[in-house]
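This report goes through one protein chain, from its rings and core to its charged pairs. Please keep the sequence and the model in view while reading.

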Amino acid sequence: MLEVVARHDGDTWRVVYTVRFNDAVYVLHAFQKKSKSGIATPKKDIDLIKQRLAEAERDNRERQN
């Protein structure tokens, strides 16, 4: 899994989580991080990413069959 973080307009951060399989790239989640304190990704976002990763893995297996 890859996390891309980039500065945009001062203190605003955009975060994108992706996963790459042999023949596909899935964007699992993208959001604007607004927190001024702490760098951790919020738990609700982590849970959503994990759910989408499981779905992407299932989809990828089905596409291989």
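## Rings, core and charged pairs

The structure contains 1 aromatic pair. Its members are F21 and Y26, which sit edge-to-face, with 5.5 Å from centre to centre and 85° between the planes. A pair of aromatic rings is described by these two quantities, the distance of the centres and the angle of the planes. The angle counts as edge-to-face because it is over 60 degrees. This is a predicted model, and the values here are computed from its coordinates.

Are the two ring residues buried or exposed? F21 has a relative accessibility of 18% and counts as buried. Y26, at 16%, is buried as well. The cut-off for buried is under 20% relative accessible area, so each of the two values meets it.

Both residues also belong to the largest nonpolar core, which has 9 residues: Y17, V19, F21, A24, Y26, L28, F31, I49 and A56. The elements that give two or more residues to this core are β2, β3 and α1. Strand β3 supplies the largest share, 4 residues.

Which residues does Y26 touch, apart from neighbours within four places in sequence? The contacts of Y26 are Y17, T18, V19, F21, A56, D59, N60 and R63. Among them, R63 appears again below, as a member of a salt bridge with D23.

Next come the charged side chains. Side chains of opposite charge can pair when their charged atoms come close. The count for this model is 3 salt bridges, listed in the table with the N to O distance of each.

| Salt bridge | Partners | N to O distance |
|---|---|---|
| R63 and D23 | R63 43%, D23 49% relative accessibility | 3.2 Å |
| K43 and D47 | K43 59%, D47 36% relative accessibility | 2.7 Å |
| K44 and D45 | K44 63%, D45 7% relative accessibility | 3.9 Å |

R63 and D23 meet in a salt bridge at 3.2 Å. R63 lies in helix α1 and D23 in the loop between β2 (12-21) and β3 (24-33), so this pair ties together parts that are 40 residues apart in sequence. R63 counts as partly exposed, and D23 is partly exposed too.

The salt bridge of K43 and D47 has its N and O atoms 2.7 Å apart. Both residues are in helix α1, and being 4 residues apart they are separated by about one helical turn. K43 is exposed, whereas D47 is partly exposed.

In the salt bridge of D45 and K44, the closest N and O atoms are 3.9 Å apart. That distance qualifies because the cut-off is within 4 Å. D45 counts as buried, while K44 is exposed.

I46 is placed in helix α1, which covers residues 43-64. With 29% relative accessibility, I46 counts as partly exposed. The C-alpha atoms of I46 and H29 are 9.2 Å apart, and the two residues are separated by 17 residues along the chain.

How far can the model be trusted in detail? The mean pLDDT of the chain is 80, and 71% of its residues reach 70 or more. Among the elements, α1 has the highest mean pLDDT, 92, and strand β1 (residues 2-8) the lowest, 66. Where pLDDT is low, the predicted coordinates should not be read in detail.

Technical notes:
Residues are numbered from 1 along each chain as its sequence is written. Side-chain values use heavy atoms; hydrogens and water are left out. Buried means under 20% relative accessible area, exposed over 50%, partly exposed in between (1.4 Å probe, protein chains only). A salt bridge is a side-chain nitrogen of Lys or Arg within 4 Å of a carboxyl oxygen of Asp or Glu. pLDDT is the predictor's confidence in each residue, from 0 to 100. A nonpolar core is a set of buried Ala, Val, Leu, Ile, Met, Phe, Trp, Tyr and Cys residues joined through side-chain atoms within 4.5 Å. Contact means heavy atoms within 4.5 Å. Rings of Phe, Tyr and Trp (its six-membered ring) pair if their centres lie within 6.5 Å; planes under 30 degrees apart count as stacked, over 60 as edge-to-face and the rest as tilted.
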